[in-house]
Amino acid sequence: QVHLVESGGGLVQAGGSLRLSCAASGRTFSTFRMAWFRQAPGKDREFVSSIRWSGGMTEYADSVLGRFFISKDNSKNTLYLQMNSLKPEDTAVYYCAVQVAGMTQYDYWGQGTQVTVSS
């Protein structure tokens, strides 16, 4: 079992920045990849960015490429998402998730943190 707790959300004006954090605990040694997803009101959950826990290979959704930056601190078992040049359409609940080694889906999810970008 892996337990995830997100933090860092809030209200920001368009053009501003926020940094989200996701602290992982439990059986973190089994982590293959961690990711950020988001879900806006009335919309499906969508992929934002991911990073391999070993090696650090990253992926980004086209909508955030060049504005959002994912990073990790293995010693602290913590995932980050630096969000710059925020737009109102970035408003959503942001979730972190863990993909365990040998699995194809994300098995563990945090409770989410709200990001609201005002125009």
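Author: Let's start with a yardstick: the radius of gyration is taken over C-alpha atoms, and the globule rule is 2.2 Å times the number of residues to the power 0.38. A word on what you're looking at: this is a predicted model, where local features need pLDDT of at least 70, side-chain atom pairs count only at pLDDT 80 or more, and totals for chains, interfaces and linings use all residues. Residues are numbered from 1 along each chain as its sequence is written, and side-chain values use heavy atoms, with hydrogens and water left out.

Reader: What radius of gyration does the protein have, and what would a compact globule have?

Author: The protein has 13 Å, which agrees with the value near 14 Å for a compact globule of 119 residues. Its C-alpha atoms fill a box of roughly 40 × 25 × 25 Å along the principal axes.

Reader: How many helices and strands are there in the protein?

Author: Helices (H or I, at least four residues) and strands (E, at least two) are DSSP runs, numbered from the N terminus. Here you'll find zero helices and 11 strands.

Reader: What percentage of the residues is buried?

Author: Buried means under 20% relative accessible area, exposed means over 50%, and partly exposed is in between (1.4 Å probe, protein chains only). In this protein, buried residues make up 44% of the 119.

Reader: Which residues of the largest nonpolar core touch the most other members?

Author: A nonpolar core is a set of buried Ala, Val, Leu, Ile, Met, Phe, Trp, Tyr and Cys residues joined through side-chain atoms within 4.5 Å. The largest one has 29 residues, and Leu-4, Trp-36, Phe-68, Leu-79, Leu-81, Met-83 and Tyr-94 touch the most other members. Strands that each supply at least two residues of this core include S1 (2-7), S4 (31-39) and S9 (92-100). S9 gives the most, with five residues.

Reader: Which residues does Tyr-94 touch?

Author: Contact means heavy atoms within 4.5 Å. Not counting residues up to four places away in sequence, Tyr-94 touches a list that includes Glu-6, Trp-36, Phe-68, Leu-81, Met-83 and Val-115. For the protein, residues 24 or more positions apart account for 52% of the contacts with a separation of 6 or more.

Reader: Is Trp-53 buried or exposed?

Author: Trp-53 counts as buried, at 10% relative accessibility. You'll find Trp-53 in the loop between S5 and strand S6 (58-60). Leaving aside neighbours within four places in sequence, its contacts include Phe-32, Met-34, Lys-72 and Asn-77.

Reader: Where is Phe-32, and what is its relative accessible area?

Author: Phe-32 sits in strand S4 and is partly exposed, with a relative accessible area of 30%. Besides Trp-53, its contacts beyond four places in sequence include Arg-52 and Gln-99. Phe-32 and Val-98 are 66 residues apart in sequence, yet 7.5 Å apart in space, C-alpha to C-alpha.

Reader: What is phi of Asn-77?

Author: Phi of Asn-77 is near 50°, a positive value in a residue other than glycine. Asn-77 is in the loop between S7 and S8 and is partly exposed, with a relative accessible area of 23%. Ser-85 also has a positive phi, near 50°. Look for Ser-85 in the loop between S8 and S9, where it is partly exposed at 40% relative accessible area.
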